[in-house]
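Q: I'd like a close look at one part of this structure, and then a walk outward from there. Could you take me through it?

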Amino acid sequence: MAKRCFYEILGVSRSCSEAELKSAFRKAAMDCHPDRNPGNHDAEVKFKELNEAYQTLSDAQKRASYDRYGHAAFEHGSGFGAGDGFAASMSDIFDDLFGDVMNRRGGGRNGPTRGSDLRYNMEITLEEAFHGKVASLTLPTSVTCELCSGTGARAGAKPRHCPTCGGQGRVRAQQGFFAIERTCPHCHGRGAIIDDPCPPCGGSGHVTRERSLSVNIPPGVEDGTRIRLGGEGEAGARGGLAGDLYIFVSTKPHPFFQREGADLFCRVPISMVQAAVGGEVEVHTLGGGPAKVKIPEGTQSGKKFKLKHKGMPVLRSREVGDLYIQVNVETPQNLTKRQRELLAEFEAESSNKTHPEASGFFARMKDFFENLSGA
């Protein structure tokens with residue numbers, strides 16, 4: 001059976017960079033790794049193909065030979081075996097690909113471990129988003145136990161090396177072609193056994209405390225903004241760095257304004273008389289002062305008026321958005337007899353010039369259906 005193209009197996013082009021090659025292998029290998037697909041023979045075969053392809057193409061000299069001669073470059077004793085060498089080389093590749101991730105977040109197999117990141121949801125008003133604020137938070141969090149300094153052992157006592165994993169925190173088992181590493185079931189990855197645990201933290205090295213924090217909410221902050229407080233998350237294990245605290249900001253609905261980016265929108269009702277003869281309305285702005293809007297004669301419902309620089313401040317900028325006033329012409333209700341008579345008299349004396357849109361609409365509709373019936 002002919003071998004598949006190594007580039008096709010990894011899903012990359014022949015001109016791909018080393019970074020693209022590594023990223024493609026990382027993603028594909030994660031999906032078909034034997035730990036994620038126990039007993040799946042097809043996944044095992046696919047994983048072996050991926051490993052062989054990556055071993056070849058990640059080596060500059062082997063890749064050059066493969067590009068020139070294809071699979072024939074490795075058919076005379078220099079191919080890939082399926083014994084212990086294969087398992088060892090595959091382990092080396094995974095150490096190279098995923099070891100950096102484990103070390104960044106965990107500081108090594110049984111060394112200091114970085115604490116988890118925390119999330120806090122904060123809801124603010126639109127006025128607070130406009131002006132900015134300094135918010136005070138009180139939240140429970142895991143901190144390093146002061147009595148044992150995070151070791152988990154009682155004062156004067158020391159943890160001992162785990163006899164199962166020899167202090168490594170992980171145990172390795174050979175399964176066919178694959179060497180599988182798992183967290184040590186005896187010490188749960190710590191690499192040490194605590195025979196005399198610290199009373200306050202129960203051997204965990206952490207205790208729960210309430211902390212008060214001050215968070216600066218800048219003017220112009222938008223709904224969904226994420227604010228990071230470095231080192232304010234959970235404490236790390238075995239002296240590791242603390243995680244981060246992420247604050248996600250959301251804005252409460254406002255009774256008068258709707259926000260779109262840096263612009264604000266407000267619907268303002270006006271009377272039929274104001275719309276007909278013109279006038280002036282006064283609206284309040286988030287900046288604190290009122291603003292006057294001139295209503296021209298003959299204004300139609302839905303008309304928008306822009307007030308420049310009366311919107312929201314742009315985050316970390318001196319720019320300010322605009323405020324849009326949309327008028328809604330209100331039809332009068334609960335009329336007196338005299339008012340109805342006056343409106344009826346006005347309507348009787350109205351002409352096409354008074355209601356140009358309505359007159360034009362009905363004229364066009366009449367012509368359309370007369371032509372339709374005539375056809």
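Which element does the largest share of the lining of the largest pocket come from?

A: One thing up front: this is a predicted model. The element you're after is H7, which gives 5 residues to the lining of the largest pocket, the largest share. H7 is a helix covering 272-277, and it has company: helix H8 (337-348) and helix H9 (356-374) also give two or more residues each to that lining. The pocket holds about 690 Å³ of space. In total, 19 residues line it, and the ones nearest its centre are Met 272, Ala 276, Phe 346, Thr 354 and His 355. By character, the lining splits into 10 nonpolar, 6 polar and 3 charged residues.

Now step back along the chain from H8. The loop between E15 and H8 contains Asn 334, and its backbone is worth a glance: phi is near 55°, a positive value in a residue that isn't glycine. As a rule, most residues other than glycine have a negative phi. Is Asn 334 buried or exposed? With 76% relative accessibility, Asn 334 is exposed.

Going further back brings you to strand E15 itself (residues 323-330), which runs antiparallel to E14, with 4 bridges joining the two. Within that pairing, Lys 306 sits opposite Tyr 324 of E15. The loop between E14 and E15 holds His 309, another non-glycine residue with a positive phi, this one near 60°. His 309 is exposed too, at 53% relative accessible area.

Both of those strands belong to an open sheet of 4 strands, ordered E10-E11-E15-E14, with mixed pairing. Strand E10 (258-260) and strand E14 (304-307) are at the edges with a single partner strand each, so each has one side without a neighbour in the sheet. Neighbouring strands here are turned by 30° against each other on average, ignoring direction.

There's another sheet to look at, an open one of 3 strands in the order E1-E9-E8, again with mixed pairing. Its edge strands, E1 (118-124) and E8 (226-229), pair on one side only. The twist from one strand to the next averages 25°. E1 and strand E9 (residues 245-251) run parallel, joined by 7 bridges, and Ile 124 stands opposite Thr 251 in E9.

The loops beside these strands bring in some salt bridges. Arg 114 forms one with Asp 244, with the closest N and O atoms 3.2 Å apart. Arg 114 is in the loop between helix H5 (84-106) and E1, while Asp 244 is in the loop between E8 and E9, so the pair ties together parts 130 residues apart in sequence. Arg 114 is partly exposed at 25% relative accessibility, whereas Asp 244, at 6%, counts as buried.

Glu 232 also makes a salt bridge, to Arg 211, where the closest N and O atoms are 2.7 Å apart. That pair links strand E7 (residues 206-217), home of Arg 211, to the loop between E8 and E9, where Glu 232 lies, 21 residues apart. Glu 232 is partly exposed, at 24% relative accessible area. Finally, salt bridges with shared partners join Arg 114, Asp 117, Arg 228 and Asp 244 into one network. Across the whole structure, a search finds 11 salt bridges.

Terms used: Residues numbered from 1 in each chain as written. Predicted model: local features only at pLDDT ≥ 70, side-chain atom pairs only at ≥ 80, totals over all residues. Heavy atoms only, no water. Pairing = 2+ DSSP bridges. Axes fitted to C-alpha atoms, helices over the stretch in contact; angles between N-to-C directions. 1 Å grid on protein atoms, 1.4 Å probe; cavity = no way out; pocket = protein on both sides within 12 Å on 5 of 7 lines; lining within 4 Å. Points joined across faces, edges and corners; volume = space filled by probe spheres on them. Nonpolar A, V, L, I, M, F, W, Y, C, P; charged D, E, K, R; others polar. Buried < 20%, exposed > 50% of the residue type's maximum accessible area, 1.4 Å probe, protein only. Salt bridge = Lys/Arg side-chain N within 4 Å of Asp/Glu carboxyl O.
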